[in-house]
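Work through the exercises below with the sequence and the coordinates open. Each task is followed by a stepwise solution.

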2 protein chains.
Amino acid sequence: MFDSFSLLAVGMPDLSVLQYSIVDNIFSMTVATMGAAAIFLFLSRPSVDEAYRPALMVSGLVVTIACYHYFMIRHSWSDAYMLAEGGEGYVGTGAAFNDFYRYADWILTVPLLMVELIAVLRLQASKARSLLTRLVIAAALMIALGYPGEVISSPEGWTTRVIWGALSSVPFFYILYVLWTELTASLDSQPAAARKLIEIARLVLLITWAVYPIAYALGGTVTALEAKAGGAVDAGGIVGLQVGYAIADMTAKAGFGMLIYFIARAKSTGVQNSVVGKSAESPEVAAT
Amino acid sequence: MFDSFSLLAVGMPDLSVLQYSIVDNIFSMTVATMGAAAIFLFLSRPSVDEAYRPALMVSGLVVTIACYHYFMIRHSWSDAYMLAEGGEGYVGTGAAFNDFYRYADWILTVPLLMVELIAVLRLQASKARSLLTRLVIAAALMIALGYPGEVISSPEGWTTRVIWGALSSVPFFYILYVLWTELTASLDSQPAAARKLIEIARLVLLITWAVYPIAYALGGTVTALEAKAGGAVDAGGIVGLQVGYAIADMTAKAGFGMLIYFIARAKSTGVQNSVVGKSAESPEVAAT
């Protein structure tokens with residue numbers, strides 16, 4: 001099980017020019033989005049109360065780390081492929097695409113995502129510590145159990161991939177369950193202005209996180225694995241997996257970071273102005 | 001219509017050394033302009049009232065994202081060409097120039113341009129929200145409908161290109177109409193010092209945005225498409241398109257961002273000094 005090949009993907013499926021370019025371009029857009037979000041979150045710290053600046057700091061770190069990894073992911077993608085002779089498609093160069101960049105990103109950023117959420121909620125310290133411990137352990141398990149399935153590159157490995165995916169889903173659902181119930185429980189202790197936003201955050205969390213298992217499944221169909229193994233079949237599933245992960249990462253990190261910012265603004269005293277519109281009717285103040 | 005080649009440009013027309021270099025250099029200048037504008041807008045935030053800092057933040061993000069994309073655009077241009085044997089011109093390497101960078105940039109920045117304008121006007125929140133929703137939907141349509149025409153690479157596709165261009169023009173004119181009328185309507189509620197600047201912004205918007213369809217048209221003449229398809233004709237239209245887009249992007253993003261800064265200064269209380277000149281003669285104060 002732990003020979004060198006089972007922990008690294010080996011097959012790069014043939015892709016059409018369009019398929020290759022969709023993935024290449026979504027990676028580039030993700031770099032731009034994460035980078036812009038990082039600047040926004042870091043520079044916005046003085047606009048919220050001191051108590052909420054750590055939440056923005058951590059949110060900024062999450063998107064910075066993701067910006068770096070998507071830059072590397074894109075390079076790895078570009079190194080793994082070359083234009084086929086005649087220019088009618090892309091074929092593997094022999095270098096494997098490094099799936100581990102994304103898992104390295106998740107190992108670093110998923111715990112930080114938990115921290116930014118708990119920091120902005122400002123729960124009691126003992127409660128926050130216990131929650132974080134459980135969530136971080138679950139996140140580590142979720143990522144570690146997903147990876148061996150991710151790198152399977154042959155249709156015979158389908159069952160094994162499904163098993164790893166299912167194992168990874170246990171901590172995945174546990175995290176979602178804990179966050180959903182904690183966010184719900186925290187609503188009463190939050191200022192009215194922030195409640196609506198926390199409800200939105202709860203929903204965004206559920207929807208964006210749901211994309212990850214879907215992307216994992218798209219890249220793990222028997223056809224997708226046949227394509228990875230070098231079969232002359234449509235590699236659309238592989239494209240779906242990469243695009244799905246990129247979109248989910250943009251929403252769960254940059255989009256979620258923006259929500260953290262809006263919650264921090266809503267909970268800050270003396271913040272009168274929203275990004276758009278006059279204070280009296282700004283969304284933050286309207287709910288008070 | 002959606003086969004792999006219709007969504008990606010394929011032909012790189014032969015260019016003279018001058019033609020290649022004009023495009024290469026204008027891309028480089030655009031990187032420098034956008035980067036400098038980003039630093040200016042971010043660092044100027046403390047110089048305006050808290051209420052106008054989000055407008056400068058968003059303006060800074062727009063030029064940051066554009067800086068990244070022009071850097072990538074320039075690389076793609078350089079990857080797509082090589083010096084012909086004998087050094088008498090540039091010929092395609094086989095790698096296609098990635099038109100999608102520019103469209104990815106527009107997808108991210110055009111909505112943000114709407115946000116920065118509305119943020120600096122400080123309309124009522126409900127009004128701002130309704131405006132933004134309409135403008136962002138129209139911007140998405142405009143960009144999505146322009147792209148399939150942009151990547152057409154054969155003279156036979158001329159009619160199709162014109163149709164996509166015409167479809168894209170509908171939301172384009174809608175956006176300009178809405179912004180023009182809203183800017184005009186907002187004049188009465190703006191402080192006297194900002195009115196003149198908003199009138200200038202209205203005009204700048206109209207003039208710079210007019211360059212986009214002109215550039216699109218230059219790159220879509222039958223001759224330009226023949227050049228793209230590999231015909232031995234003058235590729236001046238392709239150069240015109242790239243230069244036109246770059247100039248329009250510099251003005252509509254960096255130039256417009258500067259205007260947003262001046263409007264924010266004019267509307268800030270206690271701002272006595274303009275960038276150049278003494279307070280008594282500064283444009284902001286002169287109009288009061």
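**Exercise 1.** In what order do the elements of chain A run from the N terminus on?

Solution. The model is a predicted one, in which local features need pLDDT of at least 70, side-chain atom pairs count only at pLDDT 80 or more, and totals for chains, interfaces and linings use all residues. Residues are numbered from 1 along each chain as its sequence is written, chains are lettered from A and ligands numbered from 1 in the order in which they are written, and side-chain values use heavy atoms, with hydrogens and water left out.
- Step 1: assign the elements as DSSP runs numbered from the N terminus, where helices are H or I of at least four residues and strands are E of at least two.
- Step 2: read the order in chain A, which is α-α-β-β-α-α-α-α-α-α-α.
- Step 3: check the count, which is nine helices and two strands.

**Exercise 2.** Describe burial, surface and contacts for chain A as a whole.

Solution.
- Step 1: call a residue buried under 20% relative accessible area, exposed over 50% and partly exposed in between (1.4 Å probe, protein chains only). Of the 288 residues in chain A, 54% are buried.
- Step 2: take the accessible area by the Shrake-Rupley method with a 1.4 Å probe; for residues, only the protein chains shown count as cover. Chain A exposes about 11,900 Å², with 68% of it supplied by carbon and sulfur atoms.
- Step 3: define contact as heavy atoms within 4.5 Å. In chain A, 74% of the contacts between residues at least 6 apart in sequence join residues at least 24 apart.

**Exercise 3.** Is A:A36 buried or exposed, and which residues does A:A36 touch?

Solution.
- Step 1: locate A:A36 in helix 1 (residues 17-43) of chain A.
- Step 2: A:A36 has 9% relative accessibility and therefore counts as buried.
- Step 3: leaving out residues up to four places away in sequence, A:A36 touches B:L61 and B:I65.

**Exercise 4.** Compare the span of helix 3 of chain B with its expected value.

Solution.
- Step 1: the expected span is 1.5 Å times one less than the number of residues. Helix 3 (residues 100-121) has 22 residues and should span 32 Å; its end C-alpha atoms are 32 Å apart, so the values agree.
- Step 2: look for a bend, the angle between axes fitted to the seven residues ending at a residue and the seven starting there. Helix 3 of chain B bends by about 30° at B:I107, with the proline B:P111 following within four residues.
- Step 3: this helix is largely enclosed by the rest of the structure, because 20 of its 22 residues are buried.
- Step 4: just after helix 3 of chain B, B:R122 takes a positive phi of about 50°.

**Exercise 5.** Which residues touch the most other members of the largest nonpolar core?

Solution.
- Step 1: a nonpolar core is a set of buried Ala, Val, Leu, Ile, Met, Phe, Trp, Tyr and Cys residues joined through side-chain atoms within 4.5 Å.
- Step 2: among the 190 residues of the largest such core, the answer is A:W209 and B:W209.
- Step 3: beyond four places in sequence, residues touched by A:W209 include A:M142, A:F172 and A:A252.

**Exercise 6.** Where does B:T208 lie, and what is its relation to B:T251?

Solution.
- Step 1: B:T208 belongs to helix 6 (residues 192-218) of chain B. Its relative accessible area is 6%, so B:T208 is buried.
- Step 2: B:T208 and B:T251 are 43 residues apart along the chain, and their C-alpha atoms are separated by 6.3 Å.
- Step 3: neighbours within four places aside, B:T208 is in contact with B:A248, B:T251 and B:A252.
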